[in-house]
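Grab a pencil and get ready for a few short exercises. Each one has a task and then a solution that goes step by step.

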Amino acid sequence: MAERKVSGSTGEILRAIREGRAQTRADLAGLTGLGRSTVAQRVGSLIASGLVIEAGDGESTGGRPPTVLAFNAGAGVVLAADLGATHCRLEVTDLGGAALAVHQQELDIEDGPDKVLTRVREAFADLLVEAGRAVADVRGIGVGVPGPVEWAHGRPVSPPIMRGWDGVSIPAAFAGWSDAPVFVDNDVNIMVLAEHRSVWRDLSQLLLVKVGTGIGCGIIVAGEVYRGAQGSAGDIGHIRVSGHDDVVCRCGNVACLEAIAGGGAMAAALRRQGLDADNSRDVVDLARGGVPEAVQLVRQAGRLLGEVLASAVNLFNPAVIVIAGDVAQAHEPLLAGVREVVYRRSPPLATQHLRIVRGQLGERTGTIGAALTAIEGVLSDAAVERAVATRGT
Ligand SMILES: [Zn+2]
């Protein structure tokens, strides 16, 4: 990431230590331009809060060696939930995002918020026991859901596949059990955050396209998740593609990308050809098994996705496009189709260094992203200032 100007607030000092940009009080004084006594006082309050520890002596440049400061990822835990349409993955992680305990199960999101969130809370309680931590150690909770979310309040808004969840406050389900802040976002936003922070941190602009049952796109602009004015940025599944005006989408329009290239649509198309395919995973299995109808269909989906992404490249000029989700497991025909169209249709300047790659984090993508959403929320500059002020140090 480009060198950030450091104002020297306690939150920024913590971030400089977390990101390895400063290891000693002298480094921090140099980075911020603050006097040594101010740095010492702010570091002291971070040590008192448990977020920073003194991790031994550094290299001496003559005289007493300086004390090395380190972020204490064990100062608390976060709870991360990746809720899909039919499956969920839950993790307890430390404040660095390392998994301490993991649980996965089949869970139908359409069982509704009461049943699903009660199950999630119970499973979190079990995971905390397994990780040897208490509810009081929980600093934040991150939840990803398969639908659009009003970010400020953690409420799904008219989600197409989450019957019963419209307008329901997800944070309210944890009130009375944990008083940690709850951060809720849609699945592609948490996935793009995970890939960006874990793999592509130095890049400012990144797109992640999730191709599962449906299709959506997460966007990183200037290093941060971009949600748009109403939180619906990246909803590319309902962009119109050419040559399919006879296909009616569940949204009521015709020729939507998702209605042809989504995993659910492809499974239906294969069934019409007499093949046994219930869902996107079956499509992938058939394509990987070399069944010609499936390989051809996935490549065709890649081309249609490429058509939409070529426009996105023109508008947005990303450095990398990450393709993730179930269907990305059939990577060769899908990526070949995407690359074929994007490199042909987008201008040379935009594609000269553009990389189109498969996601790197596999089944942990969603929980890593949910954990990072919570960690970045509870360790934001403003939140750290508040936490330190509350302790009266
Ligand atoms: Zn549609």
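Before you start, one cut-off: two residues are in contact if their C-beta atoms, placed from the backbone, lie within 7 Å. You'll want that for the packing step below. Keep in mind, too, that this is a predicted model.

**Exercise 1: a helix with two sides**

Task: Work out whether the end-to-end span of helix α4 agrees with its number of residues, then find which residues of α4 are buried and what they pack against.

Solution:

Step 1. Helix α4 runs over residues 113–131, which is 19 residues. At 1.5 Å a residue, α4 should span 27 Å. The C-alpha atoms at its ends are 26 Å apart, so the two values agree.

Step 2. Now look for burial, where a residue counts as buried if 20 or more other C-beta atoms lie within 10 Å of its own. In α4 that picks out P113, V116, V120, F124, L127 and L128. These residues cover an arc of only 110° around the axis, which puts them on the same side of α4.

Step 3. Turn to the other side of α4, and you'll meet exposed residues: D114, T118, E122 and V129.

Step 4. Apply the contact cut-off. The buried residues of α4 pack against β3 (77–83), β4 (87–94) and β5 (99–106).

Step 5. Go just past the end of α4, and there's G132, with a positive phi of about 70°.

**Exercise 2: building a sheet**

Task: Put the strands of the sheet that contains β10 and β11 in order, and say how neighbours pair.

Solution:

Step 1. A quick reminder: strands of a sheet pair through backbone hydrogen bonds, either parallel or antiparallel.

Step 2. Start with β10 (residues 206–211) and β11, which pair in the antiparallel sense over six bridges. They make a hairpin with three residues between them. One bridge joins V211 to I215 in β11.

Step 3. On to β11 and β12 (residues 224–225): antiparallel again, over two bridges. Here I220 stands opposite V225 in β12. This hairpin has two residues between the strands, and A222 takes a positive phi near 50°.

Step 4. Then pair β10 with β13 (residues 320–324), this time in the parallel sense over five bridges. K210 has A324 in β13 as its bridge partner.

Step 5. Put it together: the order is β12-β11-β10-β13-β14, an open sheet of five strands with mixed pairing. The edge strands, β12 and β14 (355–358), each pair on one side only.

**Exercise 3: how enclosed are the strands?**

Task: Explain why β10 and β11 count as largely enclosed by the rest of the structure.

Solution:

Step 1. For β10, six of the six residues are buried, so β10 is largely enclosed. L206, L208 and K210 point one way, L207, V209 and V211 point the other way, and all are buried.

Step 2. For β11 (residues 215–221), six of the seven residues are buried, so β11 is largely enclosed too.

**Exercise 4: where domains touch**

Task: Describe the contact between domain 2 and domain 3.

Solution:

Step 1. Find the bounds: domain 1 is 10–71, domain 2 is 75–180 + 366–390, and domain 3 is 200–360.

Step 2. The C-alpha centres of domain 2 and domain 3 lie 27 Å apart. Their contact takes six residues from domain 2 and five from domain 3.

Step 3. Sort the domain 2 side by type, and you get five nonpolar, no polar and one charged.

Key:
Residues numbered from 1 in each chain as written. Predicted model: local features only at pLDDT ≥ 70, side-chain atom pairs only at ≥ 80, totals over all residues. Helix = DSSP H or I, 4+ residues; strand = E, 2+ residues; numbered from the N terminus. Expected span 1.5 Å × (residues − 1). Buried ≥ 20, exposed ≤ 12 C-beta atoms within 10 Å, placed from the backbone. Arc of directions from axis to C-beta. Domains from an automatic or database assignment. Nonpolar A, V, L, I, M, F, W, Y, C, P; charged D, E, K, R; others polar. Pairing = 2+ DSSP bridges.
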